[in-house]
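User: Could you take a close look at one helix for me and explain what surrounds it? I'm new to this, so please keep it plain.

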Amino acid sequence: MSSVPFADRSEAGRLLAAELASLADRRPVVFGLPRCGVPVAYEIAQHLGAPLDVVLVRTVRAPDDRSRLLATVLEGDPPEVRIEPDWDQSQTVSRAWLDAEVSEALHEIDRRRRRYRYGSRPVSPAGRVAIVVDQAIGPGHAMAGAIRLIRDARPSMIVAATPVASEAGAERFARAADKVVCLHREAELGPLDRYYGQAQQITHEEALDCLARAA
């Protein structure tokens, strides 16, 4: 059996940082998607000497097809809800179900804002290179939403970075970003232990510790 590509998220972040080293003198800001994208983003921020923050996005996907996006909730004041125009094409989805899922996503965004922000505002990437990081990209909907949210702040450039992605996911966020850095691609994204030797879920406390150490 062949070994996995990365020992853990820290190693994956260091390998990504090496690919991003040329951006260090362009005042980058690194954004991780909580929870598990934050340890990857932390290593990039440390190696580039960049500030680290999170970007808060929740997606609602069809219960019978997880690759199909129905709605996206983006952090903001107030948060922004984007309903896909073809949400009603699935026979298993009612408007009541969708409204309930969006409501839960809004509550989760609020919980995460209180947990990660402590009332502070996100680091502004205006006029700077924004590097948006996740641990792995399947359909790519959350990364695409994060990029749209960051784009509103008018960075000079958006880089989407991930250790591993599906081909479809990489293509989706490549359309939204100015540059994509992906170390490992597969036709279909498998379970995380296929890519990480230590693939256990990162807790909120571990993600918050990364942010505290970066600060």
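Analyst: Here is a walk along one helix and a cysteine beside it.

This is a predicted model, where local features need pLDDT of at least 70, side-chain atom pairs count only at pLDDT 80 or more, and totals for chains, interfaces and linings use all residues. Residues are numbered from 1 along each chain as its sequence is written, and side-chain values use heavy atoms, with hydrogens and water left out.

Let's go to helix H2, residues 37–48. Helices here are DSSP runs (H or I, at least four residues), as are strands (E, at least two), numbered from the N terminus. H2 has 12 residues and spans 17 Å from first C-alpha to last, close to the expected 16 Å; that expectation is 1.5 Å times one less than the number of residues.

Now, how covered is it? Of those 12 residues, 10 are buried, meaning under 20% relative accessible area with a 1.4 Å probe, protein chains only. Among them are Gly37, Pro39, Tyr42, Glu43 and Leu48. The cover over H2's buried residues includes helices H1 (9–19) and H6 (204–214), along with strands E1 (29–32), E2 (52–54), E6 (129–133) and E7 (157–166). Just after H2, glycine 49 takes a positive phi of about 65°.

What about cysteine 36? Cysteine 36 is buried too, at 5% relative accessible area. Its closest cysteine sulfur sits in cysteine 210, 11 Å away, so the two are too far apart for a bond. Cysteine 210 is likewise buried, at 5%. The whole structure has zero disulfides, a disulfide being a pair of cysteine sulfur atoms within 2.5 Å.

Terms used
Buried < 20%, exposed > 50% of the residue type's maximum accessible area, 1.4 Å probe, protein only. Contact = heavy atoms within 4.5 Å.
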